[in-house]
Amino acid sequence: MQQKIGIIGIGKLGLCFALNLERAGFEVLGVDLSEDYVAKINQKKLKSFEPDLEALLEKSTQFKATTELKDILTDAYQQLFILVATPSPPDGGYDHTQLEDLANDLIAFGKREQGIDLIVSCTTMPGYCDEFAAKLAPYNYSVSYNPEFIAQGTIIRDQQRPDMILIGEANAAVGERIEHIYRKMCDNVPTFCKMDRLSAEITKLSINCFLTTKISFANSIGDLCYRVGANPEKVLKAVANDSRIGGRYLSYGFGFGGPCLPRDNRALGKFAEANDYPLLIGQTTDEVNRRHLDFQESWYLAKYAALEPIVFDYVTYKKDSVILEESQQLALAVRLAKAGRKVVVKGQRIVIEELIKRYGDLMTYEEVAV
């Protein structure tokens with residue numbers, strides 16, 4: 001008999017996870033509030049820019065979506081993964097409103113006769129999952145924290161072959177059950193890091209904050225090299241060859257952006273401030289990222305003649321993405337255009353349409369085929 005798993009929140013991340021679980025042999029039911037979205041999933045008509053998602057959806061036979069939370073609140077579903085949105089307010093951190101709403105909905109259904117494993121896989125502020133667990137414990141729910149480490153554009157692959165699975169386990173038995181699910185789903189054998197919920201929440205933010213630090217370090221060294229006439233590519237390649245350092249995220253380029261790294265950096269900083277231990281490295285990383293944008297603006301203005309077109313092959317936060325959130329290359333392109341330079345931006349139609357909405361004819365656009 002196939003093990004049944006429920007997914008609460010099947011946006012892009014949750015849907016990829018659901019389809020990877022289904023691919024591994026689980027029977028999966030996903031819950032989402034949007035009737036239209038659920039209908040497109042069930043009819044296999046959903047369109048997505050995430051590679052491999054549509055193909056997995058088309059092949060799936062044991063995955064369905066529903067708008068009814070009660071559909072997964074049966075004895076058949078012993079593990080419920082939660083991937084609802086936790087957006088960032090302007091002051092940093094994470095907004096847990098959707099998790100709070102979910103907790104209230106679960107409480108309204110009353111106490112479960114047998115224990116249910118709730119696995120929070122969306123990013124939370126350190127300490128929140130303990131509060132969430134305390135609220136739901138009287139209703140016979142355990143709560144574990146199991147965040148995703150993925151990148152937009154490679155979500156399916158990243159979930160299939162993760163370096164590490166982080167589990168802030170409710171207890172050892174629950175941790176074993178979560179590990180069993182991943183061992184069946186993953187194509188590789190990842191490292192399993194099990195710990196308490198608070199430690200796992202700090203670990204999640206710390207990993208991304210270290211990556212931002214590495215990116216900012218590389219860009220600051222590159223900026224210095226350009227200023228004095230050294231070769232940044234050779235310098236950083238040599239640094240990366242030290243086995244203690246490594247080359248991933250250690251190349252010169254645009255500053256970090258996107259929907260994950262900046263938010264996690266700010267969130268960990270906010271948590272540290274609230275606990276009277278300011279993270280100076282995180283603060284400096286953000287400042288270096290801002291200064292790098294200033295340096296690149298000056299460098300481009302000096303490098304290109306006044307009438308020479310400045311061409312950007314992409315202005316999304318990374319290549320082969322359609323996401324513009326906190327994109328430093330977009331910020332640079334806009335600055336250069338506002339300085340009176342002719343800026344040519346290439347991109348997919350959906351990206352170009354969004355840029356025209358935001359900036360009109362400030363820049364020149366060239367659509368590229370997918």
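Ser142 counts as buried in this predicted model, because its relative accessibility is 17%, and the cut-off for burial is under 20%. The residue belongs to strand β6, which covers residues 141-145. Once residues up to four places away in sequence are set aside, Ser142 touches Ile116, Asp117, Leu118, Ala170 and Val174. Just ahead of this strand, Asn140 sits in the loop between α5 and β6. Asn140 counts as partly exposed, since its relative accessibility is 27%. The backbone of Asn140 also deserves a look, as its phi is positive, at about 75°, although the residue is not a glycine. Most residues other than glycine have a negative phi. A second case is found at Asp52, a residue other than glycine whose phi is near 75°. Asp52 is part of the loop between α2 (35-42) and α3 (53-59).

Helix α5, which spans residues 128-136, packs against two other helices, and it is convenient to take these contacts in turn. The first partner is helix α4, formed by residues 97-108. The axes of α4 and α5 come within 10 Å and cross at roughly 15°. That angle makes α4 roughly parallel to α5, because angles under 35 degrees fall in that class. The crossing of the pair is right-handed. On the α4 side, the contact is made by Leu99, Glu100, Ala103, Asn104, Leu106 and Ile107, and these meet Tyr128, Phe132, Lys135 and Leu136 of α5. Sorted by class, the residues of this contact comprise seven nonpolar, one polar and two charged.

The second partner is helix α8, which runs over residues 197-228. Here the axes come within 8 Å, and the crossing angle is roughly 145°. From α5, the residues involved are Tyr128, Cys129, Asp130 and Ala133, while α8 supplies Arg197, Leu198 and Glu201. Four residues of the contact between α5 and α8 are nonpolar and three are charged, with no polar residue among them. Tyr128 is worth picking out, as it takes part in the contact with α4 and in the contact with α8.

Another loop, the one between α3 and β3 (63-66), holds Gln62. Gln62 is partly exposed, because its relative accessible area is 28%. Leaving out neighbours within four places in sequence, Gln62 makes contact with Gln2, Glu22, Phe26, Glu27 and Val28. The relation of Gln62 to Leu21 can be put in numbers too: the two are 41 residues apart in sequence, and their C-alpha atoms are 9.6 Å apart in space.

Turning to the chain as a whole, the protein contains 13 helices and 11 strands. Of its 370 residues, 48% count as buried. Among contacts with a separation of 6 or more, 72% are between residues 24 or more positions apart. The C-alpha trace spans about 70 × 45 × 35 Å along its principal axes. The radius of gyration is 23 Å, which agrees with the value near 21 Å for a compact globule of 370 residues.

Note on methods
Residues numbered from 1 in each chain as written. Predicted model: local features only at pLDDT ≥ 70, side-chain atom pairs only at ≥ 80, totals over all residues. Heavy atoms only, no water. Axes fitted to C-alpha atoms, helices over the stretch in contact; angles between N-to-C directions. Helix = DSSP H or I, 4+ residues; strand = E, 2+ residues; numbered from the N terminus. Parallel < 35°, antiparallel > 145°, perpendicular 65-115°, else oblique. Left-handed = near helix turned anticlockwise from the far one by under 90°. Contact = heavy atoms within 4.5 Å. Nonpolar A, V, L, I, M, F, W, Y, C, P; charged D, E, K, R; others polar. Rg over C-alpha atoms; globule rule 2.2 N^0.38 Å. Buried < 20%, exposed > 50% of the residue type's maximum accessible area, 1.4 Å probe, protein only.
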